[in-house]
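Trainee: I would like to go through the sheets, helices and empty spaces of this model with you. Please show it first.

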Amino acid sequence: MRANGRLRTTVPSSTIRNLGILAHVDAGKTTLTERVLFATGTIHKRGEVHTGTTVTDYDPQERDRGITIFAAAVSCTWDGHRVNLIDTPGHVDFSDEVERSLRVLDGAVAVFDAVAGVEPQSETVWRQADRHGVPRIAFVNKLDRAGADLDTAVRSLRDRLGAVPLVVQLPIGREDSFTGVVDLVAMRALHWPAGADAVASGPVPEALREEAGRRRRLLEETVAELHAGALEEFCADNALGDATLARALRELTLSGDGVVVLCGSAYRNRGIEPLLDAVVAYLPAPSDMPPVRGTADGAEQERAPDPSEPFTALAFKVTATATGRLTYLRVYAGTLRKGATVLDAATGRTERVGRILRVQADRHEEREEAVAGDIVAVVGLKAARAGTTLCAPGAPLLLEPPSVAEPVVSVAVEARGNADTGRLASALARLAEEDPSLVVRSDPETGQTVLSGLGELHLEVAVEKIRRGHGVEVVVGRPQVSYRETVVRGVTGLVHRHVKQDGGAGQFAHVVLDVEPLEGTAFEFRSTVVGGRVPQEYARAVEAGCRDALAEGPLGGFPVTGLRVTLTDGSTHSKDSSEMAFRAAGRFGLREALRLSTVELLEPVAEVTVSVPEEAVGGVLGDLAARRGRVRGSTAEAGTAVVTAVVPLAELFGYASGLRGRTRGRGVFTSRPAGLAPVPASVAAALPAG
């Protein structure tokens, strides 16, 4: 266990690890990242979240609020390997930062609180990693806290995440007497003496040998059940050798069939070195990953993670700094050199890379080149956005961009002074460029500028960034949620004829539409027309027109979701039919169909977990009921009640301050999106039009 000196600029991809730190807010991600940088010799003084001195929480708002808001990239070296680390936000309002990071990462360390176990946002980021197929290891943090219990935390991983935990460590001491761990793979004890920065290795303490042996046996049995090679050796020898066990743990991690679990206390600097060893031993290198897939000329192609392949990279983050506009790239194939010209695969536009930087949060180190497997920032690109594919001009390949979450909360914003209106527009454009989950639009009825995002805090941070970063005083309206309309009962056989004759070439389109509800999907279009009565190009135009009609529903002008439209019949005119005419027929026909359908209003809801003293639970339950919340469950332990409820997002504005007042500052809550739910008729009647 040692941190090596600085590696050369280009290293083999087998010695690179690209990983993210994932967790619920306050589980200790940023502190863990800080201790990793210290253990690897990247920094020489440990920073603390509560003093605002950590490397990755460098933004003034992060230091003021004490939470991670923006994903921050750092790089360090350990045992001959370069570790590129992204410290991701843990608050639900910034989950889109996590999504973009996971799109370009090869592995992750999921951090869990040893007292709380799996928390709501822990589950959310875990599911995000599942979708991207990112291999993970788990680190159970804060074992020095009162009430910390490794077994309880591991049980929550199994029960709530459906994971198969492979626990490779046994804590030495409990709570404030936690001083080290027993490595169950090497069967040795690791101690962190008080006041010492280095780990001390020794034999397993006599008092723990029996328990360590029992847990090693349990680990071997679990691995043998999951891994064919390990099972063969286990059946032959009734045990697994250290090398076989380590190899099986790596393969199970890469396949996602098991999750290696380690433990420690990041704040007290205990457990960091073995975690780094596990990152190197178990998480994948870029060379372990399959070739990246993309499209070129309409056909799917693959490109191997090899420096000799044509250059291919994905931009996943854009920021504006004092040194210029930084575009963060994950290089999947080929080599990028300073001064090179790259192609935007989507637009066909070429740009020149001015500089290549290795990023250390808000500090940068210049590089001559970046190769397959690297995560770097580049200066000089003016048009690239998050999700842009950059590639060699002679070998275009378009990669799938990260998905962008749909905004759920909106506020009206305007400059306090008329002279600042132009600066506000520029600042909003810059914000939307840096954060694709922020949407800026102009309300056609009021003329107001509307800023939409993923939550109340998300918008607060954005507005404060305008004030601090651009010096514009902003007036902010009351938050509004994004309502939707959906079809409950549709119509069949709706006939619509679009006929227009104004002296020149006419327009004619005849369509017959069926509209029906559709669960789980926003919109689906299909054509069952036979005999060529509506040519395929006109059917596509009808679909485009239907999508146009979804922008405003019949109830309140809100966007429509959750429906299937089937084009069942139609007819054309030899001269007057065109794609434009059929698009208009699709648009007006679906609008008419929606007016004749039974439509209901939907609102975004959130799953809320509230932790309060037992004596305050009655008032909290009453308040949730007043906010139209539906309580799903309530548990009590050690004087604390935990209530889980589903509450309309519109009713959660200002809930934090109300909860603090009701519980004298002792109540806390977390929330996460829980989809859409019908709005009661009494509430819907009072809503303004969308």
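Trainee: Over how many bridges do strand β8 and strand β9 pair?
Mentor: This is a predicted model, where local features need pLDDT of at least 70, side-chain atom pairs count only at pLDDT 80 or more, and totals for chains, interfaces and linings use all residues. Residues are numbered from 1 along each chain as its sequence is written, and side-chain values use heavy atoms, with hydrogens and water left out. Strands (E, at least two residues) and helices (H or I, at least four) are DSSP runs numbered from the N terminus, and two strands pair if DSSP finds at least two bridges between them. β8 covers residues 180-183 and β9 residues 188-191, and their antiparallel pairing runs over 4 bridges.

Trainee: Which residue in β9 stands opposite Val181?
Mentor: β8 spans residues 180-183, paired with β9 in the antiparallel sense. Opposite Val181, in β9, stands Leu190.

Trainee: Which are the edge strands of the open sheet of 4 strands?
Mentor: The order of this sheet is β7-β8-β9-β10, with antiparallel pairing. Neighbouring strands are turned by 25° against each other on average, direction ignored; axes are lines fitted to C-alpha atoms, for helices over the stretch in contact, and angles run from 0 to 180 degrees between N-to-C directions. An edge strand pairs on one side only, and that applies to β7 (169-172) and β10 (200-202).

Trainee: What is the average turn between neighbouring strands in the open sheet of 7 strands?
Mentor: That sheet has mixed pairing and the order β2-β3-β1-β4-β5-β11-β6. Its edge strands are β2 and β6 (165-167). With direction ignored, the average turn between neighbours is 30°.

Trainee: Which residue in β3 stands opposite Ile21?
Mentor: β1 and β3 pair in the parallel sense, over 6 bridges. Opposite Ile21, in β3, stands Asp87.

Trainee: Is α14 roughly parallel or roughly antiparallel to α15?
Mentor: Helix α14 (residues 617-626) packs against helix α15 (residues 655-662) at an angle of about 155°, with the axes 10 Å apart. Angles under 35 degrees count as roughly parallel, over 145 as roughly antiparallel, 65 to 115 as roughly perpendicular and the rest as oblique. The angle therefore makes α14, relative to α15, roughly antiparallel.

Trainee: What volume does the largest cavity have?
Mentor: On a 1 Å grid over the protein atoms alone, a cavity is a set of points where a 1.4 Å probe fits but cannot get out; a pocket is an open set with protein on both sides within 12 Å along at least five of seven lines, and lining residues have an atom within 4 Å of a point. Grid points are joined across faces, edges and corners, and a volume is the space filled by probe spheres set on the points. By this rule there are 5 cavities of 30 Å³ or more. The largest has a volume of about 60 Å³.

Trainee: Which element gives the largest share of the lining of the second largest cavity?
Mentor: This cavity has a volume of about 50 Å³, and its lining includes Leu19, Ile21, Leu85 and Leu276. β1 (16-23), α1 (29-39), β3 and α9 (272-282) each give two or more residues. The largest share, 3 residues, comes from α9.

Trainee: How many charged residues are in the lining of the second largest pocket?
Mentor: About 750 Å³ of space lies in this pocket, and of its 36 lining residues the closest to its centre are Asp59, Phe70, Ala320, Glu434 and Lys465. Its largest share of lining, 7 residues, comes from α11. Ala, Val, Leu, Ile, Met, Phe, Trp, Tyr, Cys and Pro count as nonpolar, Asp, Glu, Lys and Arg as charged, and the others, Gly among them, as polar. By class the lining has 15 nonpolar and 9 polar residues, and the number of charged residues is 12.
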